Amino acid sequence: MEKNADFLAKLPFKKGWVHCVGVGGIGVSALAQLLLEGNYKVSGSDLEANSNTRAVTNVGGVVGVGHDRKNLPPEPCTGAIISAAVDLKNVEVAELLRQGVLTLRRGEFLGELCGCYRRPVLVAGSHGKSSISAMLGWILRKSGVDAGLLVGAHYNDHNFPYAKLGDGDILIAEADESDGTIALLKGYLAVINNIDGDHAWNREQKTEQEMCFRRYAAAADLTMYVDSADTRRVLGDLPNCRALEAGYLQQLSSMAPERFAGYERSNAAVAMIAAEYLGIAFDQSAALLQDYPGIERRQCETYRAPDDRIIVLEDYAHHPTELAASLELLRERYAKYQLVVVFQPHRYQRLQFYFDDFVRILSAKDLQVKVVPVFSAWSPVLIDGMDHTDLVRAINAAGGNAEVYDKDYNLMAADLAETAQNSAGAVLIALIGAGDVNLLSSQLSDIFTNRRQGG
């Protein structure tokens, strides 16, 4: 049965075909699924097929692999959505523009979409926004609220959607600051977990990004922000902003599931506060979070040996603040394990800008560090810039234990498996980064499983 999606009539795209370039990204993929549920027809493309493109095709989208004009639908498009990673010179985008099709960036379209819902709830912050929006979406939908969802990660329970149309009342959406489009969003409730200058490579860019957060916060009916020196400096004088102070968050975090640790408890507290504003009592939220499955690549175990001696874990940390918090949580949760960290720097600009911070964090005496080549994320290689080999040299010069790890991933997985199985004690292999380092995870699981079964 088709869902009544009349509230989408406010969108600038009429019903018909919408083409999505970069639909393999989680953000555009989620928008594509929401439009399909709203009775639009969706086509799209990306360089490779992945779990996000499959999620779109599973609900009726038509997705091409590679970029080609042939990926455009057979009928004229009423609109197009393009990822922030897609260049305007892309052959499909160029053709759409030549045809006069209204073409919006992901964040621009999200701004239009928010205007269709009575109570858009937008979750922002340099760190933690995916986790908080996922927890909040879980609480609301598990409590029976037909909230729209646009979460920036897959739930570990794949039966629970990261993209959902909802009934037109509440939309829970992640607000990404990386391309500046966050300043175009207006929420019924805006949440800001932190402001930490990620995606800013100099003082001018950092100031510009802070102003985007400020415009985003000022536009909302109410903005709740986690109190810190930076959030207070940027937002403290805005009359519609409410600071969530440390003592209050700590009090509420005690209601989080016992298995939560470190920053997970603070994230849960923020989600419960937002849910309470939307009518869900704290004790109900806490009870629903007991079954919260988490989201992919956030402290996510992907393999655990039957005797618990070897664990493989993925984490998305790619900024120094995230990396330090991730390692702190690992030390708390896996205190008896030797930590083998496979770290993939994300963007050459980020590595260079935060080089000393990465060295300080990764030179800790309790870490065995293997650094894979930088994941460029479609950004240019810096001339005379830092790369993964420079990071390894600096870590070792600071007294750490690091090695360059630039083999084929199959060889890396085999080497990591030998390291773990020859260790005298329990080993945690942590695959950390926002690029493709997580591909090692399934390879390691296969190796350990096959060896256990005598294969």
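**Figure 1. D315 and the pairing of β14 with β18 in the predicted model.** D315 stands opposite I432, a residue of β18. The two strands concerned, β14 (residues 310-315) and β18 (residues 427-432), pair in the parallel sense, and the pairing runs over 6 bridges. Strands of a sheet pair through backbone hydrogen bonds, either parallel or antiparallel.

**Figure 2. The open sheet that holds β14 and β18.** The sheet is formed by 6 strands in the order β13-β14-β18-β15-β16-β17, and its pairing is mixed. At the edges stand β13 (300-304) and β17 (402-404); each has a single partner strand, so one side of each is left without a neighbour in the sheet. From one strand to the next, the twist averages 20°.

**Figure 3. Helices α14 and α16 across the sheet of 6 strands.** Helix α14 (residues 388-397) lies across β15 (338-343), β16 (367-371) and the edge strand β17. The direction of α14 is at about 160° to β17. Helix α16 (residues 439-452) lies across β13, β14, β15 and β18. Relative to β13, α16 runs at about 25°. Strand β15 is thus listed under both helices.

**Figure 4. The crossing of α15 and α16.** The axes of helix α15 (residues 409-421) and α16 come within 9 Å and cross at roughly 50°. Because of this angle, α15 is oblique to α16. The crossing of the two helices is right-handed. On the α15 side, the contact involves Y409, N410, M412, A413, A414, L416, A417, E418, A420 and Q421. These meet L439, L440, Q443, L444, I447, F448 and R451 in α16. By residue class, the contact of α15 with α16 divides into 12 nonpolar, 3 polar and 2 charged residues.

**Figure 5. Strand β10 and its pairing with β6 and β11.** In strand β10 (residues 189-192), L189 and V191 point one way, while A190 and I192 point the other way. All of these residues are buried. Strand β6 (residues 119-124) is joined to β10 by 4 bridges, and the two run parallel. L122 stands opposite A190 of β10. The pairing of β10 with strand β11 (residues 222-226) is also in the parallel sense, over 4 bridges. Here the bridge partner of L189 is L222 in β11.

**Figure 6. The open sheet of 7 strands, with helix α5.** The strand order is β8-β7-β9-β6-β10-β11-β12, and the pairing is mixed. The edge strands, β8 (163-164) and β12 (241-244), each pair on one side only. Strand β7 (residues 148-150) and strand β9 (residues 170-174) run parallel and are joined by 3 bridges. Within β9, I172 is the bridge partner of L149. Helix α5 (residues 129-142) lies across β6, β7, β8 and β9. The helix runs at about 160° to β9.

**Figure 7. V65 in strand β3.** V65 lies in β3, which spans residues 62-65. With a relative accessibility of 59%, V65 counts as exposed, because the cut-off for that class is over 50%. Leaving aside neighbours within four places in sequence, V65 is in contact with D46, L47, E48 and A49. N50 is 15 residues away from V65 along the chain, and the C-alpha atoms of the two are separated by 9.9 Å.

**Figure 8. Two loop residues with positive phi, N39 and R347.** N39 is not a glycine, yet its phi is positive, at about 75°. The residue lies in the loop between α1 (26-37) and β2 (41-46). At 29% relative accessibility, N39 counts as partly exposed. R347, likewise not a glycine, has a positive phi of about 75°. The loop that contains R347 runs between β15 and α12 (348-353). R347 has a relative accessible area of 23% and is partly exposed.

Note on methods: Residues numbered from 1 in each chain as written. Predicted model: local features only at pLDDT ≥ 70, side-chain atom pairs only at ≥ 80, totals over all residues. Heavy atoms only, no water. Buried < 20%, exposed > 50% of the residue type's maximum accessible area, 1.4 Å probe, protein only. Contact = heavy atoms within 4.5 Å. Pairing = 2+ DSSP bridges. Axes fitted to C-alpha atoms, helices over the stretch in contact; angles between N-to-C directions. Parallel < 35°, antiparallel > 145°, perpendicular 65-115°, else oblique. Left-handed = near helix turned anticlockwise from the far one by under 90°. Nonpolar A, V, L, I, M, F, W, Y, C, P; charged D, E, K, R; others polar.
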